[in-house]
Amino acid sequence: MRKLSFFIALIVALQANAQLLNGGFEDWTVLTHTQLDGYDTSQDNQIEEDVPLISTSRITGRTGVGYAVKMETHVTPGVDTTFAYIINFDGNDDPAIAEGGFPYTQKPDSFIVWANYDVQPLDTAIALVYLKKNGTVFSMNIYTIVGSSSGLWERKAFKINNPGDFVPDSVIIAFASSNALNEVGIADGSMLMIDDISFHTIDSITSNPIATPEPIFNGDFESWTTKDFYTPDNWVSFNDKEHVYLSSYTGNTVVERTTDKVEGAYALKFTVLGFPEYNWIYDYFANGYNHSQGNEGGFAYTET
């Protein structure tokens, strides 16, 4: 995905606003984004200069009511490859060092998934379950889904590997529509829909099944949050590239439409955000930009 290397903000005197296209910041375009609560998704992190492809979306649940989640891979040869995923940790967490995940305090012996899928030949959809104890992963489970369910929902039960017979304190769960582990065979159109994930758990003392296992947080995928993001028409800003990405960290945007204005209905507000792992992220807005390939954009203006 393209990153702009250098941006030039245009500072405009207030009295010239009427001569500039949308110089009063009255006209805005809204992007509505629906986020899956408790999970980081490929759609949250989709960074595009135009309308992003829908890689992760909310769909009708498997029983015809409620919700499920759909993941779909998009491949544009020579341009971009985007496989879809969901994972139950905040974007600030790194599962490679056992960060993130949901609290879970029972001992599961299998992972239950309802799936509807159409994975392209040579491609492989995957599911991951990492069991953790005191910040350390003691059970790493990788499951594969191939072929097609012919439009039907199937119940799949995957065995949990736990050689140390530990009881976890948290769990990391992830799904991907393509082979995200080694990126072999990733194919356009590979699709995975999932709903109602759960654990089959056993008593850590008697080894008997527990009648009412501990639920996985939002494991039925019913909880979603819808957010609106505003971009000033005829201007470019940091929001255009990464507003959804940043919202997954903070719940805020860096460019905002505000009614605290001098005149008209709206003004533009932009804010610096800080993340320890990424340093400070300053915002900008401009009517064009400059990068290594040259200058682009700008308003038509013929006055002196």
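**Notes on a strand-rich predicted model**

1. A good place to start is Ser150, which counts as exposed because its relative accessibility is 63%, and exposed means over 50%. Please keep in mind that this is a predicted model. Ser150 belongs to the loop that runs between strand E11 (136-145) and strand E12 (154-159). Its backbone deserves a look: although Ser150 is not a glycine, its phi is positive, about 55 degrees. Most residues other than glycine have a negative phi.

2. Asp165 makes a companion to that point. Asp165 is not a glycine either, and has a positive phi of about 55 degrees. Its place is the loop between E12 and strand E13 (170-176).

3. For the overall picture, the protein has one helix and 23 strands. It has 304 residues, and 45% of them count as buried. Taking contacts between residues at least 6 apart in sequence, 72% join residues at least 24 apart. The accessible surface comes to about 15800 Å², and carbon and sulfur atoms account for 52% of that.

4. Strand E11 is worth walking along, and Asn141 is one of its residues. Is Asn141 buried or exposed? Asn141 is buried, because its relative accessible area is 3%, and the limit for buried is under 20%. Leaving aside residues up to four places away in sequence, Asn141 touches Ala127, Leu128, Val129 and Tyr130, as well as Lys159, Ile160 and Asn161. For Ile160, the C-alpha to C-alpha distance from Asn141 is 6.6 Å, with their positions 19 residues apart in sequence.

5. Met140 also sits in strand E11. With a relative accessibility of 49%, Met140 counts as partly exposed. Together with Ile142 and Leu181, Met140 forms a nonpolar patch on the surface, and the three share about 290 Å² of accessible area.

6. Now to the rings. How many aromatic pairs does a search of the whole structure find? The search finds 10 aromatic pairs. In one of them, the ring centres of Tyr39 and Phe102 are 5.4 Å apart and the planes meet at 85 degrees, so this pair is edge-to-face. The pair links distant parts of the chain, 63 residues apart: Tyr39 is in the loop between strand E1 (28-36) and strand E2 (40-41), while Phe102 is in strand E8 (residues 102-103). Both Tyr39 and Phe102 are buried.

7. A second pair brings us back to E11. The rings of Tyr143 and Phe158 have centres 4.5 Å apart and planes at 20 degrees, so they count as stacked. Tyr143 lies in strand E11 and Phe158 in strand E12, and the pair links parts of the chain 15 residues apart. Tyr143 counts as buried at 8% relative accessibility, and Phe158 also counts as buried, at 12%.

8. Tyr143 and Phe158 are also members of one aromatic cluster, which they form with Tyr104, Phe111, Phe175 and Phe199.

9. Finally, two arginines and their rings may interest you. Arg62 lies over the face of Trp114, 3.9 Å from the ring centre. For Arg257, the charged end sits over the ring of Tyr266, at 4.1 Å from its centre.

Conventions. Residues numbered from 1 in each chain as written. Predicted model: local features only at pLDDT ≥ 70, side-chain atom pairs only at ≥ 80, totals over all residues. Heavy atoms only, no water. Helix = DSSP H or I, 4+ residues; strand = E, 2+ residues; numbered from the N terminus. Buried < 20%, exposed > 50% of the residue type's maximum accessible area, 1.4 Å probe, protein only. Patch = residues over 30% accessible without salt bridge, like charges linked within 9 Å, V, L, I, M, F, W, Y side chains within 5 Å. Areas by Shrake-Rupley, 256 points an atom, 1.4 Å probe, with all protein chains shown as cover. Salt bridge = Lys/Arg side-chain N within 4 Å of Asp/Glu carboxyl O. Phe/Tyr/Trp six-rings, centres within 6.5 Å; stacked < 30°, edge-to-face > 60°. Lys NZ or Arg CZ within 6 Å of the ring centre and 35° of its normal. Contact = heavy atoms within 4.5 Å.
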